[in-house]
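The following exercises concern a predicted model. Please study the sequence and the structure before reading each solution.

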Amino acid sequence: MLSTLEEHILSHIDDDELIGWVQELTRIPSVWKPETGEGEEAAARWVASRCRELGLDTHFEFVQPGRPNVVALHRMETGKTLMFEGHTDVVTEGDPASWTDPPFSAAIRDGRIYGRGANDMKAGLVSALAAIKAIVQSGVQLDGTILLAALCDEEGDMIGVKHFVDGGWADQVSAAIICEPEENHLCICQKGVMWLHVVIHGVMAHGAMPLTGVNTAYPMARFLSLVRSLELQVMADHGVDPLLGKPSITPTIVMSPARGYGEAQKNVMPGAAETMLDCRLIPGQEPDALVREIDNLLKSAVAGEPRLRATLEVLEIRHPTFTDPDHPLVQALGGAYTDLTGRPPVYGGVPGSTDGTILHARKDVPIVTCGPGDIHIPHHVDEWVSIDEIKTAARMYVLAAARYLGTRTVG
Ligand SMILES: [Zn+2]
């Protein structure tokens, strides 16, 4: 049931403006292009302008040239801080000719907005902005602070959220809504990820005289087949997470010669082979233990030939995340979903990692990933987002903020 106060705040959501804003932001291409140094800056400036118009305490911080974060606060001196998180970068549109509409047109058809980034995740970011605007304009005082973070580089190395954490912003955050496209479902867990880079070094030789060298193809093949056995063992040991499914270990790159060891040639036995393992983790898995197991497999794959040498480098570890369904923020969002749609909340899990993964891993921030947009559409050609879901998301965010932080005075 909505309270009179909540209905008062919700009456300040202007749906035409909300949808117009999603179109405006989608029309600003924010694909990171290292060759020109163009990225999220124009999109971030658009967000910062809206925040300043609302009178938010707005911070514009460059993480790298062309790649800023925007952090805006609707401050109260006391109470908790609720963070709304969105990323301003979008992935490449690919071949524009394969799109029905130009990729950054933000065309509206059949109740949908089409465009690269409309779904992932300009609609979610704008929904949060519209929710904050409604709260500010309603005059209702919340008993806590809202922090909006529009961060760069979620689709890359997540330098935006890492900069946000390093700058101390996350220290005050009590809980966060990650506004990624989840069809407004409540995703309370996310898979972890670990990338391992493995190189096996041997001795290069002429293909006609292979015995004068040491071939790396066979130990690499041995290693990968051991990794596959380990993956099956890990799946058996950890079972199927009800929201996330199975863990996995996937060789995503297998190369011989390894990068930096020259061109592949049909009569040259290369001096090194490399692989990348993309490990996806579910709650209950310990990344460090998995690294040790994989390292042991690598040692056994090269054992017996002293001229073989193997290196394993851990490029990144992002732990799996889990937020208790009884956490007050989950409860607030779930209740909001029910009050707005008449349906019980749908719980889900995120198979990939998001900026929320970093907030959770580094600062133990409880996170819920919840925003408008079909789950399977991100990064596709003809990306789209449902206008109805956007309207629901903005209202869910208003109610979640009011109920999680509490309200102070009747406006
Ligand atoms: Zn995203």
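**Exercise 1.** Determine which residues coordinate the zinc ion, and classify the site by its angles.

*Solution.* Step 1: the donor atoms are identified. The zinc ion is coordinated by NE2 of His87, OD of Asp120 and, twice, OE of Glu180, at 1.9 to 2.7 Å. Step 2: the angles are examined. Among the four donor atoms they run from 52 to 145°. A tetrahedral site would need all angles between 85 and 135 degrees. The site of the zinc ion is therefore classed as irregular.

**Exercise 2.** Locate the donor residues in the sequence and state which parts of the chain histidine 87 and glutamate 180 tie together.

*Solution.* Step 1: the donor spacing reads H-x32-D-x59-E. Step 2: histidine 87 belongs to strand β3 (residues 80-87), while glutamate 180 sits in the loop between β8 (175-178) and β9 (186-190), so the pair joins parts 93 residues apart in sequence. Step 3: histidine 87 and glutamate 180 are both buried.

**Exercise 3.** Describe the open sheet of four strands and the helices that lie across its strands.

*Solution.* Step 1: the strand order is β12-β14-β10-β15, with antiparallel pairing. Step 2: β12 (248-255) and β15 (309-318) are at the edges with a single partner strand each, so one side of each has no neighbour in the sheet. Step 3: from one strand to the next, the twist averages 20°. Step 4: β12 pairs with β14 (residues 272-281) over seven bridges, and proline 251 stands opposite leucine 277 in β14. Step 5: helix α6 (residues 217-238) lies across β10 (192-201), β12 and β14, at about 10° to β14. Helix α7 (residues 287-302) lies across β10, β12, β14 and β15, at about 165° to β15.

Definitions and conventions: Residues numbered from 1 in each chain as written. Predicted model: local features only at pLDDT ≥ 70, side-chain atom pairs only at ≥ 80, totals over all residues. Heavy atoms only, no water. Donors = N, O, S within 2.8 Å, 3.2 Å for Na, K, Ca; no water. Tetrahedral: all angles 85-135°; square planar, octahedral: opposite > 155°, others 65-115°. Helix = DSSP H or I, 4+ residues; strand = E, 2+ residues; numbered from the N terminus. Buried < 20%, exposed > 50% of the residue type's maximum accessible area, 1.4 Å probe, protein only. Pairing = 2+ DSSP bridges. Axes fitted to C-alpha atoms, helices over the stretch in contact; angles between N-to-C directions. Contact = heavy atoms within 4.5 Å.
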